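Hello,

Here is the structure I promised to pass on. Please open it first; my notes follow below.

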Amino acid sequence: HIVGRRWTLLTDREGMPTKAAGVALVDSEGSLWYAGNGLFRQLGLGGVTNQTTRQGLPTEIVWSLCRDTSGRLWAGTDLGLAVQERGRWTLVPGSEKTAVFSVVALANGGVVGAGRPRSVIYVPPGGARAVPVPFPLDQDPTVQVVRIILDLSGNPWVIGTSQICRLAPERNTLVSRERPVTPEARYLRNAFASFQGRDGTMWFGTVGGLVSRTQGRWKRWTEANGLQSRSLYGVLEASDGTLLVSYYGAEGISRFKVEGDRLRLLRTYRAQREELPSDNVFSIHEDLQGRIWALTDVGAVLVLEDGFRVFGRAQGLVQQDMVQNSFLSDADGTLWFANAGGLACLDTRIWPWDLKIPRPIFQSIKFGGNPVGVGPSLRIEPWDNSLDLSLGFLSYSRGKAYALEVRLDGLDQTWRTE
């Protein structure tokens with residue numbers, strides 16, 4: 001198919017069950033149908049594509065994503081660091097023995113990755129090979145690296161299980177510049193959600209609570225400060241200045257306003273109130289358009305003030321169990337996130353956001369067990385006093401997205417869900 005002047009070829013590498021198609025059709029919802037050795041429909045409405053080992057990824061287990069200053073896409077995977085150039089993936093030499101849990105791009109064009117076993121690797125500007133960085137944390141073998149983040153000045157920070165360290169490029173490697181001491185080791189336990197806020201405060205979501213560091217002062221926030229639980233999965237500072245957190249205990253999302261040394265709870269998002277499709281939220285992110293996304297066990301979820309939208313298997317993802325922190329927002333509106341089956345790409349520019357709710361239709365009507373035709377009038381015999389209706393709606397892409405409610409005028413006082 002062609003978009004503008006660019007042709008895209010769909011084959012069995014992109015998931016087609018057959019390499020040949022004789023007839024193709026795009027329906028009113030944007031679904032692609034094609035006939036080959038059978039009739040097939042492509043999921044994703046044209047807006048979702050997937051990257052797996054079929055497209056050259058070294059593995060379908062992707063932990064982290066970033067884009068460097070030259071526009072190349074980098075993926076931290078279970079088998080090392082991979083880079084995509086001209087649509088092709090390559091495993092970076094020197095990274096093969098590292099499970100890269102976190103990766104960031106530096107302003108100088110270099111890329112830093114970190115993972116296990118106890119590894120920090122660096123691809124210098126213009127380099128084609130990853131070089132090991134002297135381990136910047138204590139030599140205690142129990143200290144592991146859980147995250148790499150960038151501060152407001154673009155400096156990389158290594159977040160360990162009990163320490164943090166600021167690095168700086170020097171020649172073709174990175175050197176340690178600062179290693180603040182935490183009050184207790186538990187302050188950084190499982191700090192997979194870490195970032196520096198707009199005011200310079202560093203935030204860490206840990207299994208011991210929400211931890212902050214401001215001008216050298218550490219503080220730990222727990223249930224006493226308004227958290228639903230102290231075991232945190234994800235933490236985000238939204239563009240409006242509020243903090244959103246999610247929990248290991250499947251307790252949805254809480255939104256807070258930081259007021260001095262106090263957290264003021266603004267609202268919670270819970271599945272039981274139909275504000276989320278699941279309370280298992282692994283991480284929370286904001287795209288460049290200011291939209292809030294949650295990576296969950298049922299897909300990538302766009303969180304709205306009055307509901308949500310889910311992107312899972314029905315919307316074209318290979319799997320819908322998402323990977324924590326595996327989110328990237330590009331300037332052109334493209335979103336990337338990883339799941340248990342590979343890497344998904346959502347083009348928000350062409351996704352049909354404003355599909356109308358399909359109208360219900362009568363599939364069959366029976367009185368007294370006898371089918372009757374639908375027309376301007378019906379003739380019903382007195383003894384045919386039982387009514388059986390079969391209702392539906394015309395949508396292949398949203399077959400499970402809606403429920404029908406029925407009420408018989410003059411008989412029912414409330415609506416009944418069918």
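**Strand E15 and its hairpin**

E15 is mostly covered, with five of its six residues buried. Keep in mind that this is a predicted model. E15 pairs with strand E16 (residues 156-160) in the antiparallel sense, over five bridges. One pair to look at is Ile148, whose bridge partner in E16 is Val158. Five residues lie between the strands of this hairpin. Gly154 in the hairpin takes a positive phi, near 85°.

**The cores**

The largest nonpolar core holds 16 residues. Which of them touch the most other members? They are Val112, Val120, Leu137, Val145, Val158 and Leu174. Two or more residues of this core come from each of strand E12 (111-116), strand E13 (119-123), strand E15 (145-150) and strand E17 (164-170). So much for the elements; now one residue in detail.

Leu137 is a good place to centre the view. Setting aside neighbours within four places in sequence, Leu137 is in contact with Val143, Gln144 and Val145, among others. Its list also includes Val158, Gly160, Gln163, Ile164, Cys165 and Arg179. Val145 and Val158 are thus on the contact list of Leu137, and both are named with Leu137 among the core residues that touch the most other members.

Apart from this core lies another, of 14 residues. Trp293, Leu302, Phe327 and Ala344 are among them.

**The sheet E11 to E14**

Four strands make an open sheet, in the order E11-E12-E13-E14, and the pairing is antiparallel. Why is one side of strand E11 (99-105) and of strand E14 (131-132) left without a neighbour in the sheet? Both stand at the edges, and each has a single partner strand, so one side of each stays without a neighbour there. E13 and E14 run antiparallel and are joined by two bridges. Ile121 has Pro132 in E14 as its bridge partner.

**The sheet E23 to E26**

Another open sheet of four strands has the order E23-E24-E25-E26, again with antiparallel pairing. At its edges stand strand E23 (232-237) and strand E26 (262-269). Each has a single partner strand, so one side of each is left without a neighbour in the sheet. From one strand to the next, the twist averages 25°.

Inside this order, strand E24 (residues 243-247) and strand E25 (residues 253-259) run antiparallel, joined by four bridges. Leu244 stands opposite Arg255 in E25.

Best regards

Definitions and conventions:
Residues numbered from 1 in each chain as written. Predicted model: local features only at pLDDT ≥ 70, side-chain atom pairs only at ≥ 80, totals over all residues. Heavy atoms only, no water. Core = buried A, V, L, I, M, F, W, Y, C linked by side-chain atoms within 4.5 Å. Buried < 20%, exposed > 50% of the residue type's maximum accessible area, 1.4 Å probe, protein only. Contact = heavy atoms within 4.5 Å. Pairing = 2+ DSSP bridges. Axes fitted to C-alpha atoms, helices over the stretch in contact; angles between N-to-C directions.
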